[in-house]
Amino acid sequence: MRLSAFITLLVLLTARAVALDGEIRIHDPSTIVQCDGRFYTYGTGGTCLVSENGWNWQRGTTPPRRGMAPDLIHLGDRYLMYVARNVGAQPRADINLVWTKSLDTNSPTYKWEEAGVVASSDGAEDCNAIDPGLLLDPTDGKLWMVYGSYFGFIRLVELDPKTGLRKDTNAAPVNIAINCEAPVLIYEDGWYYLLATHGSCCRGADSGYNLRMGRSKKITGPYLDREGVDMIRGGGTLFAGSSERVIGPGHFGRLQLGDNVEKFSCHYEADLDRGGASVLDIRPLLWKDGWPVAGNNVREGTYQIESLRTGTALELAVEGMPVGGRRERRGGPGPGGPGGPGGGAPPSGGGGPFGGTGQPIPNQEVAKVSTNWPAGAIPLRMGNYLCQAHQKWNIAAVTNAGGYFGSPYFKITVANTDRALAATAEGEMTVLPAFTGAPEQLWQIDPLTDGTFRLTPKAIPGRSDPLALSAIGASFATLSRFEPVGNKHRWILKAP
């Protein structure tokens with residue numbers, strides 16, 4: 001991957017672009033799980049949020065056991081929820097397991113069953129048994145739970161994947177970190193990563209929550225940050241902090257959607273645009289140099305859309321006009337003009353074919369250069385980016401058009417026009433005279449794990465197979481089935 005692709009993503013998309021839609025107020029959300037086509041997450045106090053598409057959310061049914069900072073995992077035919085409660089004053093607490101075969105309250109198998117206490121703290125030991133986080137190890141099928149808070153150590157215990165209870169109640173928990181809470185473990189490419197929340201919570205816009213991380217080759221640690229400091233000694237590299245108008249990210253949850261698309265859920269202690277409420281967010285999860293990176297969702301704006309494979313940019317198939325107009329080469333005395341061999345005036349003299357105009361050249365006004373463009377549909381092609389009007393695209397969220405996991409659908413139009421990028425029944429691309437909101441004009445823009453983007457139409461007329469925007473050469477773009485390996489479906493969004 002080009003480094004510029006990753007830098008472009010981090011620079012252009014530094015703010016949360018478009019907030020999730022609907023009812024998203026929640027604190028300490030669990031890892032999001034899917035059941036019968038719906039997405040579910042549960043939070044402190046029994047808050048339940050449900051979504052059909054991962055974009056529009058609504059309040060769901062509170063489970064019988066309410067507690068603090070639950071986590072959820074789907075194993076076999078059961079959904080296991082681990083939820084903490086204080087037993088008297090902190091840090092005396094325990095973590096209980098409850099389970100159900102369905103999260104859908106309309107299902108005959110929806111019924112929460114109590115399974116008992118899985119971990120506890122007695123109020124005197126250096127641990128607070130709250131904030132559970134689950135990992136089913138993809139390498140060997142073992143089930144693990146981390147838990148704890150600032151009252152002491154973050155601890156790790158092994159669970160029985162068949163029952164969800166402790167594998168060996170006589171085995172002592174393993175201490176793996178301090179100075180954090182709400183821990184969770186993930187696995188990737190031979191490494192275990194511990195992500196945990198640092199800073200103060202529960203104080204609204206004055207909360208100092210932030211997410212930090214370390215990694216280890218062994219599930220039991222040691223978990224070292226990028227500077228080699230053990231998290232049990234207070235280490236932890238920053239993964240995500242406050243930005244723009246959202247304060248205090250915490251409670252990481254990983255979501256692997258396939259085809260190099262990953263996202264993570266979290267809550268913000270305060271969303272200033274929602275009156276300082278604690279809210280759910282879903283953001284891209286990227287990977288760089290063996291470490292997870294907190295990406296941001298696509299931000300509305302004007303972009304150059306460049307192919308990672310070819311380095312050329314999407315453009316209308318029209319005759320382009322050089323920015324500032326075409327220039328004539330003026331000659332003079334001697335070979336090549338006033339400057340002698342090679343032509344042109346000396347750089348200090350100004351003028352000549354290489355001296356420029358002596359003043360800034362403004363951006364092209366599309367109204368002036370589009371007078372000869374066809375009135376109807378215009379084909380799409382790719383070319384060297386020259387900052388011309390037919391190479392600039394506006395990306396904007398479409399209201400009331402639904403969405404997909406963590407994002408709304410977008411329209412892509414030639415900047416400062418209503419000419420809209422659309423898929424055709426032949427599986428090709430065209431630019432229509434106006435945006436109508438038709439499914440073939442709605443775009444799903446997925447940040448991939450390397451920081452590039454996949455662009456997919458919501459629907460293609462007369463076809464059911466999903467196709468993504470593809471660069472098949474330096475000059476042509478089409479639609480084809482996404483290939484995770486290779487670069488022809490990977491695009492970079494740059495400020496034009």
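Biologist: Which residue of β15 stands opposite Glu 188?

Modeller: This is a predicted model, in which local features need pLDDT of at least 70, side-chain atom pairs count only at pLDDT 80 or more, and totals for chains, interfaces and linings use all residues. Residues are numbered from 1 along each chain as its sequence is written, and side-chain values use heavy atoms, with hydrogens and water left out. Strands are DSSP runs (E, at least two residues), numbered from the N terminus. In β15, the residue opposite Glu 188 is Trp 191.

Biologist: How many bridges join β14 to β15?

Modeller: Two strands pair if DSSP finds at least two bridges between them. Strand β15 covers residues 191-198 and runs antiparallel to β14. The number of bridges joining them is 6.

Biologist: What are the edge strands of the open sheet β14-β15-β16-β17?

Modeller: The 4 strands of this sheet pair in the antiparallel sense. Each edge strand pairs on one side only, and these are β14 (181-188) and β17 (237-240).

Biologist: By what angle are neighbouring strands of this sheet turned against each other on average?

Modeller: Axes are lines fitted to C-alpha atoms, and angles run from 0 to 180 degrees between N-to-C directions. With direction ignored, the average turn between neighbouring strands is 35°.

Biologist: What is the corresponding average for the open sheet β18-β19-β20-β21?

Modeller: Here, too, 4 strands pair in the antiparallel sense. The edge strands are β18 (246-258) and β21 (291-294). Neighbouring strands are turned against each other, direction ignored, by an average of 30°.

Biologist: Which residue of β21 stands opposite Leu 285?

Modeller: Strand β20 comprises residues 277-288 and pairs with β21 over 4 antiparallel bridges. Opposite Leu 285 in β21 stands Ala 294.
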